Amino acid sequence: MYSIKDRLVNALTVIIGVILLVVFLSLDFILDAWVDQQFDDALVEKSNYFKSLVEVENDGIEFEYHNGFMPQFERKENAQYFQIWLDEQTFAKSQSLSYYENIDLDYRDVATHDSRIFTIKLPDGSMGKAISSRFQPQLSHDVKPEDVTYIGSMYLTLAISNQRVSNILLFADLGLLFVFITAIFGVRTVVTKVVDRELDSLYILNKEISELDVNAEQIKENPKESKEIAPIRKELNRYIELNIQNVANEKRLSSDIAHELKTPIAEIISLSEMNIRFPDDVRISATYKEDVLSIANNMKNIVNQLMALNQSSSSHYHIEKSEVDIRDLAKEISIDLEFKYPDAEKRLTFISTLSSPVIYVDRFSLETVVKNLLDNALFYSEEGSEIVASIDNYDADHFVLKVQNRTLTKLTTEHLENLFKPLYQVDKSRTHTGRHGLGLSIVKNIAHVNNYELSVDYTDEQVITFNVIIPKEQ
C-alpha cells in the first residue's frame with residue numbers, strides 16, 4: 001500500500017531538485033568559464049605589456065623593466081615568472097626564477113605575432129597557466145627604420161599560478177553544493193509541512209467516518225476543508241442518505257410482510273378456535289377444510305412472490321437469451337391469465353409492428369415482465385375495458401414494449417412514485433387477499449438485471465402506460 005503524501009513529497013523533491021541541479025550546474029559552468037576567461041585575458045594583457053617594454057635602440061635591444069614596480073616577479077613565495085629569448089638565447093627573465101638553479105620556463109612554439117596559453121607546472125611546484133608569444137620588438141621613437149639592418153624574433157613566456165583562483169572556484173563549488181543540499185532538505189521539509197497541513201481535512205474526514213454509528217445521518221461540514229475534499233464529503237453523505245432510505249425501506253418491507261402474513265394466520269386461528277368451540281356447528285365444519293386450504297394457498301402465493309422478488313434482485317439471477325416468437329409468447333400469457341380473468345382473451349389486444357415476430361431475449365424475464373404488467377392492468381382497470389400490449393421499434397438498437405389501460409381510480413404523484421416499491425398498494429385497506437403489491441417490484445428488478453429501461457406515463461384521462469425499452473441483440 002503506497003502513501004499519497006510520500007509520493008507527492010518525493011515527486012516534488014525530485015522535480016525541484018532536478019531544477020536546482022540544472023541551475024547550479026549551469027551557474028558553476030558559467031562561473032568557471034568566466035573566471036578562466038578573465039585569467040586568460042589577464043595573461044594576454046601582461047604579455048602585451050612585457051612585449052611593449054622591449055624596444056630596439058641605436059645601440060641594440062633594450063628591456064625597460066624596473067625593479068620594485070612588480071614585486072610578484074621578484075619574490076620567491078606566491079611569485080609570477082617571465083622569460084624572454086632572443087634568437088633562442090635567454091634575453092631576460094624574472095628575479096623569481098633566480099631562486100631556482102638551472103630552471104627555465106617552457107616555451108611553446110607559435111607563429112610570429114601569435115600566442116598560446118597552456119597549463120604549466122611552476123618552479124615552486126604549484127600549477128598555473130603560461131602564455132608563449134613570438135614577436136618582433138618595436139623600434140624606439142628616436143630610431144629610424146633604415147638604420148636597422150636586422151631584428152631577430154623574440155620569444156616570451158609568462159607564467160602565473162592559478163592556485164588561488166582554483167581554490168576560490170573550489171570554495172564556490174562547495175558553496176553551491178551546500179546550498180543545493182540545504183535547498184533540497186529545506187524544500188522537502190516545507191513540502192512535507194504543506195502537504196500535512198493540506199491533508200488535515202482528509203484526516204479529519206477519515207476520523208469522522210471512523211466515528212460514525214448506526215444512528216448517523218450525515219457527516220458535518222468542516223469549514224477548513226479543501227474544495228477537493230468537499231465532493232468526497234458530499235458523496236459520502238449521499239451514500240449515508242441512501243443507506244438510511246434502504247434501511248427505512250427494509251423496515252417498511254418487514255412490516256408489510258408481517259402485515260400480509262398476519263391476516264391469513266389470524267383467519268386460520270379464528271377458524272380453528274371456532275371449530276374447536278363449536279364442533280357440531282355445520283356452518284363452520286362443512287367448509288373448514290376448504291377455508292384453511294384457501295388461506296394456506298394465499299400464504300403460499302405471498303411466499304412465492306417474495307421469493308420471486310428476492311430472486312429477481314439477486315446478483316445470481318440467471319439470464320439465458322434465445323430466439324423468442326412473440327406471437328406464441330402472447331398466446332401462452334393470455335391462456336395463463338384466463339384462469340384468473342375469464343374474460344382476459346376478449347380484453348387483451350396484442351399489437352406488433354416488427355418486421356419479424358422473432359426477437360432475441362431471455363424468455364423467462366420477458367414473460368414475467370409482460371405477465372405481471374398485464375395482470376396489474378386487468379385487475380386495476382374497469383371491468384370489460386380493453387388492455388393494449390404493443391411492441392415496436394424504438395430506435396435502431398432497441399425495442400419498446402408498452403402496456404396501456406385506464407385505471408379505476410385516479411392516481412396521484414405519490415402513487416406513481418411508489419408504484420414499484422415492494423408491497424405497496426394504492427388500496428391502503430388491503431381488502432383483496434389476492435393482491436400483495438409485489439408484481440411491479442418484480443418487474444422493476446427483472447428490468448434492471450436485463451438492462452431494460454422502465455418508465456410510466458399517466459394522463460389526466462386516467463390512462464396509464466408502462467414502457468419497457470429492450471436492447472436488440474443478435
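Partly exposed, the label you will meet at L177 and elsewhere on this tour, covers relative accessible areas between the buried limit of under 20% and the exposed limit of over 50%. With 45%, L177 is therefore partly exposed. Keep in mind as you click along that the model is predicted.

**The whole protein**

Start with everything shown as cartoon. You should find 11 helices and 15 strands. Colour by burial next: of the 474 residues, 36% count as buried. The accessible surface comes to about 29,800 Å², and 55% of that belongs to carbon and sulfur atoms. If you draw contacts with a separation of 6 or more, 63% of them are made by residues 24 or more positions apart.

**Stop one: a nonpolar patch**

Select helix α2, residues 163–198, where L177 has its place. Now add L170, F171, L174, I181 and F185 to L177 and switch on the surface: together these residues make a nonpolar patch of about 640 Å².

**Stop two: a five-stranded sheet**

Move on to the open sheet of 5 strands, and follow the order β10-β12-β13-β15-β14; its pairing is mixed. Which strands stand at the edges? They are β10 (348–352) and β14 (453–458), and each has a single partner strand, so one side of each is left without a neighbour in the sheet. Look along the sheet and you can follow a twist that averages 20 degrees from one strand to the next.

Zoom in on β12 (residues 387–395) and β13 (residues 398–406), which pair in the antiparallel sense over 7 bridges. For a landmark in this pair, pick V388, which stands opposite Q404 in β13.

Then bring in the helices. Select residues 326–338 for helix α7, which packs on the sheet and touches β10 and β12. The direction of α7 makes about 170 degrees with that of β10. Residues 363–380 give you helix α9, lying across β10, β12, β13 and β15 (463–471). This helix runs at about 20 degrees to β13.

**Stop three: salt bridges**

Side chains of opposite charge can pair when their charged atoms come close. A search of the whole structure finds 8 salt bridges, and here are some to visit.

Select D109 and R134 as sticks; their closest N and O atoms are 2.7 Å apart. What does this pair tie together? D109 lies in the loop between β4 (89–93) and β5 (114–121), while R134 is in strand β6 (residues 127–135), so the link joins parts that are 25 residues apart in sequence. D109 is exposed, at 53% relative accessible area, whereas R134 counts as buried, at 18%.

Next, go to helix α4 (residues 230–277), which holds both R238 and E235, 3 residues apart or about one turn of the helix. The closest N and O atoms of their salt bridge are 3.0 Å apart. R238 is partly exposed at 45%, and E235 is partly exposed at 42%.

Now show D325 and R327, whose side chains meet in a salt bridge of 3.1 Å, N to O. Are these two residues buried or exposed? D325 counts as buried at 16% relative accessibility, and R327 is exposed at 52%.

For your last selection, take D336, E367 and K371, which are linked in a network of salt bridges.

Notes. Residues numbered from 1 in each chain as written. Predicted model: local features only at pLDDT ≥ 70, side-chain atom pairs only at ≥ 80, totals over all residues. Heavy atoms only, no water. Pairing = 2+ DSSP bridges. Helix = DSSP H or I, 4+ residues; strand = E, 2+ residues; numbered from the N terminus. Axes fitted to C-alpha atoms, helices over the stretch in contact; angles between N-to-C directions. Contact = heavy atoms within 4.5 Å. Salt bridge = Lys/Arg side-chain N within 4 Å of Asp/Glu carboxyl O. Buried < 20%, exposed > 50% of the residue type's maximum accessible area, 1.4 Å probe, protein only. Patch = residues over 30% accessible without salt bridge, like charges linked within 9 Å, V, L, I, M, F, W, Y side chains within 5 Å. Areas by Shrake-Rupley, 256 points an atom, 1.4 Å probe, with all protein chains shown as cover.
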